[in-house]
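Here are my notes after going through the model, in the order I would raise them at the bench. Have the structure open while you read.

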Amino acid sequence: MISFSPGPSQVFPQLPKYFQEAFVKDILSANHRSRTFMNMYQEVIQLFKEKLHMPDDYQLLFTSSATENWEIISQSLTIKGTFHLYSGAFGKKWFDYAKHIHKSTEGIKFDPEQGIEPFKVDIPLDTDIVCLTQNETSNASEVNMETLTEIREKAANKLLAVDATSSMGGIELDFSLADIWFASVQKCFGLPAGLGVLILSPKAVQKAEQIGEIGRYNSLNFMLENARQYQTHYTPNVLAIYLLQRSLQDREEIQFTDRKLRGRMQELENIVASKDKFRYLNKFPEQRSRTVLGISGTESMISEIKAAAEKQGLVMGSGYGSLKNISFRIANFPAIDDEQFEKLKGFLKEF
Ligand SMILES: *Cc1c(COP(=O)(O)O)cnc(C)c1O
C-alpha cells in the first residue's frame with residue numbers, strides 16, 4: 001500500500017537499509033554520553049544547517065513529539081502567557097495545552113481562507129510568545145513566509161514560536177523569522193513517529209536562561225546544558241536519531257525538495273480544478289498548504305474515493321477532527337517517489 005496520509009505518513013524506502021546499518025554499527029546500544037552519540041548529535045545539527053538551512057547560531061534539541069514541544073514552550077519560555085493565532089485543530093490544541101499551564105493564555109481564531117492579517121492583530125502587551133502553526137495539517141492551510149515576515153515585524157519585541165510539524169523537511173522555511181521552531185519526524189521527514197525536534201534562536205535560549213529552571217525533565221535550561229555537550233538529559237531514541245541523521249545525509253538540499261513539492265502540488269491542484277467532483281477544502285490559493293492537499297466533498301463521495309483508492313493500493317488521508325466527514329487529505333511529502341506520485345495522479349484523474 002502507498003500511504004498518502006499526512007501523519008503518520010509513508011516512510012522513506014531506504015529505511016530497511018538504515019535499520020540494518022544501525023544494527024551492524026552498534027548504534028542500537030550506544031550510550032547517550034558516548035562519543036558515538038555525541039558525534040551523531042553534532043552531525044544532525046550540521047545537517048540541519050546544510051540541508052535545511054537552519055541558521056548557524058540556532059540550537060537544536062531532541063524531544064519526543066511536537067506535542068511535548070508545546071508544553072516545553074509553556075513551561076520553560078513563558079512567564080505570563082502565550083498568544084495564539086490559529087485556524088484549525090492543531091493550532092487550537094496547542095492553545096488548549098498552553099491554557100492548562102498559564103491562565104493568561106490568549107488566542108484568536110482566524111479564517112483559514114482569509115489568512116492572518118498581521119497589521120490588524122492586537123498582540124496583548126504582557127504576552128511572552130506569539131504562537132502560530134505554519135502548516136495547519138487539519139485544514140490544509142498554511143501561513144506563508146511573507147505573512148510570517150509581517151508577523152515578525154508586528155511582534156518584534158516578542159518571541160515568535162512556529163509549529164512546522166507538517167512542513168519542516170518539505171518546504172523551505174526561513175528560520176530567521178522566528179525564535180522557536182518545532183516538528184516531529186513522522187510527517188515530512190518520512191520517518192517512524194516518536195522523535196521531535198525543537199529549534200531555538202539565541203534570543204529564545206537567552207529567555208530560557210533568564211527564566212531559569214522550572215521543573216526538571218522538560219526544563220529547557222537543563223536540556224540546553226546537555227545539548228551544549230551534544231548529549232541529552234535522558235536516554236533518547238537513539239535509533240530514531242540515527243535514522244534522522246542517515247536520511248538527512250541522503251537528502252538533497254531543501255530548496256530542491258521545496259521546488260519538487262510545489263511542482264507536484266501544482267499538478268494535483270490542476271486535477272482538482274479540472275474535476276467537478278472535487279472542491280478545495282481551502283478555496284484560496286494563497287493560503288493553501290503546499291504539503292497537504294485538502295479536498296472537501298459529501299460523506300458518500302469521500303467513502304467512495306477511499307474505497308476505490310484502496311483497491312488500487314493507495315491510502316487517502318482522512319479528514320481531521322470536525323472536518324472528518326466532509327474532507328479527505330493527501331500528503332505531498334518527500335518520501336513519496338515519482339512512480340507513486342504518478343499512480344496517485346492517474347487515480348485522481350480517473351475517479
Ligand atoms: C501532527 C501534528 C502535531 C502533533 O505531532 P505529535 O508528534 O503527534 O506530537 C502537531 N502539530 C501539527 C501541525 C501536526 O501536523
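1. Start at the ligand, and keep in mind that this is a predicted model. One of the ligand's oxygen atoms sits 3.2 Å from a polar backbone atom of Ala66. Right next door in sequence, Thr67 brings a polar side-chain atom to 2.6 Å from a ligand oxygen. Thr137 does likewise, with a polar side-chain atom 2.4 Å from an oxygen atom of the ligand. As for cover, the ligand on its own would expose 380 Å², and the protein buries 87% of that.

2. Who else is around the ligand? The shell counts 14 residues, and those that come nearest are Thr67, Thr137, Asp163, Ser184 and Lys187. Sorted by class, nine of the shell residues are polar, three are nonpolar and two are charged. The biggest contribution from a single element is that of helix 3 (residues 66-76), which supplies three residues.

3. That makes helix 3 worth a look of its own. Is it enclosed or open? Eight of its 11 residues are buried, so the rest of the structure largely encloses it. The buried ones are Ala66, Glu68, Asn69, Trp70, Ile72, Ile73, Ser74 and Ser76. Note that Ala66, whose backbone faces a ligand oxygen at 3.2 Å, is on that list. At the start of the helix, Ser65 has a side-chain oxygen within 3.4 Å of the backbone nitrogen of Thr67.

4. On to the packing. In soluble globular proteins, nonpolar side chains tend to be buried together. Here the largest nonpolar core holds 78 residues, and Phe48, Met168, Ile180, Trp181 and Leu244 are the members touching the most others. Helix 2 (residues 35-52) gives the most to this core, with eight residues. A separate core of 24 residues lies apart from it, with Met301, Ile305, Phe328 and Phe351 among its members.

5. Ile180 is a good place to centre the view. Setting aside neighbours within four places in sequence, Ile180 is in contact with Ile73, Leu77, Ile129, Leu159, Leu160, Ala161, Val162, Leu198, Ile199, Leu200 and Ala204. Ile73 in that list is one of the buried residues of helix 3, which ties this spot back to the helix in point 3.

6. Now Cys131 and Thr82, which I would look at as a pair. Cys131 belongs to strand 5 (residues 129-133) and is buried, at 1% relative accessible area. Thr82 is in strand 3 (residues 82-86) and also counts as buried, at 1% relative accessibility. Beyond four places in sequence, Cys131 contacts Thr82, Phe83, His84, Leu85, Trp94 and Ala161. With the same sequence neighbours left out, Thr82 touches Ala98, Ser104, Thr105, Glu106, Thr127, Ile129 and Cys131. The side chains of Thr82 and His84 are joined by a polar contact of 2.7 Å. For a sense of distance, the C-alpha atoms of Cys131 and Ser247 are 29 Å apart, with their positions 116 residues apart along the chain.

7. Please check the backbone at Gly7 and Pro8. The peptide bond from Gly7 to Pro8 is cis, with omega near -10 degrees. Pro8 is in the loop between strand 1 (2-4) and helix 1 (15-24), and Gly7 lies in that loop too. Gly7 counts as partly exposed, at 28% relative accessibility. Among residues more than four places away in sequence, Gly7 is in contact with Gln186 and Lys187; Lys187 is also one of the residues that come nearest the ligand. Gly7 and Gly190 are 183 residues apart along the chain, yet their C-alpha atoms are separated by 9.3 Å.

8. Two positive phi values also deserve a glance. Asp26 is not a glycine, but its phi is near 60 degrees. Asp26 is in the loop between helix 1 and helix 2 and is exposed, with a relative accessible area of 53%. Tyr230 is the other one to look at, with a positive phi of about 55 degrees. Its loop runs between helix 7 (220-227) and helix 8 (238-249), and Tyr230 is partly exposed there, at 26% relative accessible area.

Notes. Residues are numbered from 1 along each chain as its sequence is written. This is a predicted model: local features need pLDDT of at least 70, side-chain atom pairs count only at pLDDT 80 or more; totals for chains, interfaces and linings use all residues. Side-chain values use heavy atoms; hydrogens and water are left out. A residue is near a molecule or strand if one of its heavy atoms lies within 4 Å of it. A polar contact is a pair of N or O atoms within 3.5 Å; within protein, one must be able to donate a hydrogen and the other to accept it, and residues adjacent in sequence count only if both atoms are side-chain atoms. Accessible areas come from the Shrake-Rupley method with a 1.4 Å probe; for residues, only the protein chains shown count as cover. Helices (H or I, at least four residues) and strands (E, at least two) are DSSP runs, numbered from the N terminus. Ala, Val, Leu, Ile, Met, Phe, Trp, Tyr, Cys and Pro count as nonpolar, Asp, Glu, Lys and Arg as charged, and the others, Gly among them, as polar. A nonpolar core is a set of buried Ala, Val, Leu, Ile, Met, Phe, Trp, Tyr and Cys residues joined through side-chain atoms within 4.5 Å. Buried means under 20% relative accessible area, exposed over 50%, partly exposed in between (1.4 Å probe, protein chains only). Contact means heavy atoms within 4.5 Å.
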